[in-house]
Amino acid sequence: MIMSITNKTKIVFISYNNGRVYRGGEIFVDELAKHLSGLGNDVCLIQGSKSSKPQNYHVVHIVTNPNWKGQDFTGTFKRKFFIDQRSLAIAKFTIQALSHLREINPDVVFSINGGWQSVILRLWCLIFGKKILFASISGKSWESKLDLLLFPSAYIALSNDIKFWANKNNPYLKNLVTIPNGVDTELFNPDGEKTHLNLLKPIVLGVGAMSKQKRWPLLISAVERCATPCSLLLIGTGPEEEFIKQLGKKALGEHRFLHIQRVEHEEMPKYYRACDLFGFPSDSTEAQGIVCLEAMATGLPVVATNDEQRRELIGNAGILTDPTKLDQFSTVIHTATQRVWKELPNNQAKKYSWDKIAQLYFHLISDIVSRNGTKESKVNG
């Protein structure tokens with residue numbers, strides 16, 4: 001257990017899924033914890049599974065056993081009141097984490113999973129006089145609305161668009177700042193090994209959960225309609241996995257479609273480099289999208305949903321469109337695969353390197369700790 005006797009700021013992240021999966025939210029936690037530790041803070045992660053991956057920050061394991069078999073409760077009656085199996089499991093995990101929190105005695109708690117976790121940790125921080133941070137990792141969701149109403153010490157919006165949305169949902173929240181997601185530009189870069197894919201070139205890549213929010217059927221249909229025959233590689237797992245897999249095989253055939261459930265994070269650059277275009281058709285409630293940054297950092301242009309968040313993130317390193325208009329979507333894919341992008345995607349991603357993003361968090365945390373959270377932070381990425 002962390003028991004520092006220094007004057008370093010003690011920061012504790014609490015994340016149910018770290019150690020079990022490694023998707024956008026878990027990458028966010030790992031990278032930010034790693035960089036904040038490197039900047040001289042005492043950092044601890046309390047996670048819901050064991051992990052053998054060595055870290056430069058302390059990890060506390062609370063072993064949990066999910067029993068909902070990948071079922072997606074998003075938008076359901078039970079999720080709205082946080083009585084679905086996932087929400088209740090996170091509540092139990094968070095209650096178990098309280099004894100560790102009391103022993104660590106942190107200055108700042110960073111709550112990741114929303115719902116009951118946000119409520120429980122907010123109350124704990126009020127009782128013991130600690131600071132608490134929430135971030136819009138789940139995008140414009142019901143969980144994010146609850147986080148805003150709990151008046152955290154600071155709420156981090158991952159884009160200016162989400163900051164505007166957050167301000168509308170709670171105009172009385174003072175410490176509302178924009179800090180975007182980051183990307184490891186040393187790991188994700190255009191130079192290096194490529195994995196071999198037995199697919200017809202050019203190859204469009206999609207990475208993320210196999211869920212309704214991601215709208216993978218639209219990407220499958222757009223690739224199928226593309227004027228120049230191309231292939232689609234999807235990487236990820238989720239409740240819609242079998243349906244999406246069968247749809248892709250039927251529409252494109254085995255030489256133009258491939259689904260891979262899991263790829264280790266350190267191996268992902270090989271897959272990005274093996275492809276020619278990144279597709280991101282998620283709806284506008286989706287958070288910013290670390291995978292878009294990873295794709296651009298490895299040199300891939302991005303075709304994504306035309307909304308304020310993606311305009312802010314992607315800039316001129318891709319083409320934005322309405323994925324629900326399939327003819328338009330397929331034309332954009334064709335155009336993007338024919339264009340010479342040179343270093344535009346990589347240069348756009350460099351703006352979001354974790355070295356830069358972590359500095360913004362460092363100053364924000366230093367600000368709320370030193371000022372006792374009484375004034376609005378001046379940090380704004």
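**Arg 273, an open sheet and Asp 276**

Reader: Leaving aside its neighbours within four places in sequence, which residues is Arg 273 in contact with?

Author: This is a predicted model, so take what follows as a description of that model. Arg 273 itself belongs to helix H9, residues 268-273. Setting aside neighbours within four places in sequence, its contacts are Leu 187, Asn 189, Pro 190, Asp 191, Gly 192, Glu 193, Lys 194 and Thr 298.

Reader: Arg 273 is buried, so which is the nearest side chain of opposite charge, and how far away is it?

Author: Arg 273 has no salt bridge, although it is buried. A salt bridge needs the charged atoms within 4 Å. The nearest side chain of opposite charge is Glu 193, at 6.8 Å.

Reader: Which backbone oxygen does the side chain of Arg 273 reach?

Author: Asp 191 is one of the residues in contact with Arg 273. At 3.2 Å, the side chain of Arg 273 reaches the backbone oxygen of Asp 191.

Reader: Moving on to the sheet, which strands are at its edges?

Author: The sheet is open and has 6 strands, paired in parallel in the order S10-S9-S8-S11-S12-S13. An edge strand pairs on one side only, and that picks out S10 (257-260) and S13 (318-321).

Reader: Which residue in S9 does Val 204 stand opposite?

Author: Strands S8 (residues 203-207) and S9 (residues 231-235) run parallel, with 5 bridges joining them. Across from Val 204, in S9, stands Leu 232.

Reader: Helix H7 packs on the sheet, but what angle does its direction make with that of S9?

Author: H7 covers residues 216-225 and touches S8, S9 and strand S11 (277-280). Its direction and that of S9 make an angle of about 160 degrees.

Reader: And helix H10, which strands does it touch?

Author: H10 (residues 290-297) also packs on the sheet, its direction making about 170 degrees with that of S11. The strands it touches are S8, S11 and S12 (302-305).

Reader: Is Asp 276 buried or exposed, or something in between?

Author: You'll find Asp 276 in the loop between H9 and S11. Its relative accessible area is 27%. Because buried means under 20% and exposed means over 50%, Asp 276 counts as partly exposed.

Reader: Which side chain shares a polar contact with that of Asp 276?

Author: Leaving aside neighbours within four places in sequence, Asp 276 is in contact with Lys 201, Pro 202, Ile 203, Leu 300 and Pro 301. A polar atom of its side chain lies 2.7 Å from the backbone nitrogen of Ile 203. The side-chain partner, at 3.1 Å, is Lys 201.

Notes:
Residues are numbered from 1 along each chain as its sequence is written. This is a predicted model: local features need pLDDT of at least 70, side-chain atom pairs count only at pLDDT 80 or more; totals for chains, interfaces and linings use all residues. Side-chain values use heavy atoms; hydrogens and water are left out. Helices (H or I, at least four residues) and strands (E, at least two) are DSSP runs, numbered from the N terminus. Buried means under 20% relative accessible area, exposed over 50%, partly exposed in between (1.4 Å probe, protein chains only). Lys and Arg count as positive and Asp and Glu as negative; His and the chain ends are not counted. A polar contact is a pair of N or O atoms within 3.5 Å; within protein, one must be able to donate a hydrogen and the other to accept it, and residues adjacent in sequence count only if both atoms are side-chain atoms. Contact means heavy atoms within 4.5 Å. Two strands pair if DSSP finds at least two bridges between them. Axes are lines fitted to C-alpha atoms, for helices over the stretch in contact, and angles run from 0 to 180 degrees between N-to-C directions.
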